[in-house]
Amino acid sequence: MTAGQIGNSGEMRRIAEQCYRRRGKRFRPQSKEFANQQALLFRMGWSLEDYCLKEQPR
């Protein structure tokens, strides 16, 4: 996965579908609120930069 994929809800869904397919299963979210919850997560404005180690200048 790339940072661009993680920051894109469509790409994250595609990755989840691929993971399930490789296990021989179909991706089927169980919650009726899945789409709304996913959209909310991506609207929160979180950033991968908050979770990555910063390179220290030499």
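Start by selecting Arg13, which at 30% relative accessibility counts as partly exposed (buried is under 20% relative accessible area, exposed over 50% and partly exposed in between, with a 1.4 Å probe and protein chains only). The model is predicted, so local features need pLDDT of at least 70 and side-chain atom pairs pLDDT 80 or more, while totals for chains, interfaces and linings use all residues. Residues are numbered from 1 along each chain as its sequence is written, and side-chain values use heavy atoms, leaving out hydrogens and water.

**Stop 1: the whole chain**

Zoom out and colour by secondary structure. The protein chain has three helices and zero strands; helices (H or I, at least four residues) and strands (E, at least two) are DSSP runs numbered from the N terminus. Read from the N terminus, the order of elements is α-α-α. Switch to a surface view: the protein chain exposes about 5500 Å², with carbon and sulfur atoms supplying 51% of that area (Shrake-Rupley method, 1.4 Å probe; for residues, only the protein chains shown count as cover). Of the 58 residues in the protein chain, 7% are buried.

**Stop 2: Arg13 and what it touches**

Go back to Arg13, which lies in helix α2, residues 9–22. Which residues is Arg13 in contact with, leaving aside its neighbours within four places in sequence? Show Phe27, Pro29, Phe34 and Gln38 to see the contacts of Arg13, where contact means heavy atoms within 4.5 Å. Draw a distance between the C-alpha atoms of Arg13 and Gln38: the two residues are 25 apart along the chain, and the separation is 9.5 Å.

**Stop 3: salt bridges in helix α2**

Side chains of opposite charge can pair when their charged atoms come close. A search of the whole structure turns up two salt bridges, counted when a side-chain nitrogen of Lys or Arg is within 4 Å of a carboxyl oxygen of Asp or Glu.

Keep Arg13 on screen and add Glu17: their side chains form a salt bridge with an N to O distance of 3.2 Å. Glu17 and Arg13 are separated by about one helical turn, because they are four residues apart in helix α2. Glu17 is partly exposed, at 29% relative accessibility.

Next select Glu11 and Arg14. The salt bridge between their side chains is 2.8 Å, N to O. Glu11 and Arg14 are three residues apart in helix α2, which again means a separation of about one helical turn. Arg14 has 33% relative accessibility and counts as partly exposed; Glu11, with a relative accessible area of 25%, is partly exposed too.

**Stop 4: the aromatic residues**

Hide the charged residues and show the rings. There are two aromatic pairs in the structure. For Tyr20 and Phe27, the ring centres are 5.3 Å apart and the planes are at 65 degrees, so this pair is edge-to-face. Rings of Phe, Tyr and Trp (its six-membered ring) pair if their centres lie within 6.5 Å, with planes under 30 degrees apart called stacked, over 60 edge-to-face and the rest tilted.

Is Phe27 buried or exposed? Phe27 is buried, with a relative accessible area of 16%. Phe27 also pairs with Phe34: the centres of these rings are 5.9 Å apart and the planes lie at 75 degrees, so this pair is edge-to-face as well. Select Tyr20, Phe27 and Phe34 together, since they form one aromatic cluster. At its outer members, Tyr20 is partly exposed with a relative accessible area of 31%, and Phe34 is partly exposed with 26%.

Now add Arg23. Its charged end sits over the ring of Tyr20, 6.0 Å from the ring centre; the test is NZ of Lys or CZ of Arg within 6 Å of the ring centre and within 35 degrees of the ring normal.

**Stop 5: Ser9**

Select Ser9, which is in helix α2 and is partly exposed, with a relative accessible area of 31%. Apart from its neighbours within four places in sequence, Ser9 contacts Gln38 and Phe42. Draw the C-alpha distance from Ser9 to Leu41: these residues are 32 apart along the chain and are separated by 9.0 Å.

**Stop 6: a nonpolar patch**

From Leu41, extend the selection to Leu40 and Met44: the three make a nonpolar surface patch of about 300 Å². Patches are made of residues with over 30% relative accessible area and no salt bridge; like charges are joined within 9 Å, and nonpolar side chains (Val, Leu, Ile, Met, Phe, Trp, Tyr) within 5 Å. Finish on Met44, found in the segment after α3 (34–43). At 60% relative accessibility, Met44 counts as exposed.
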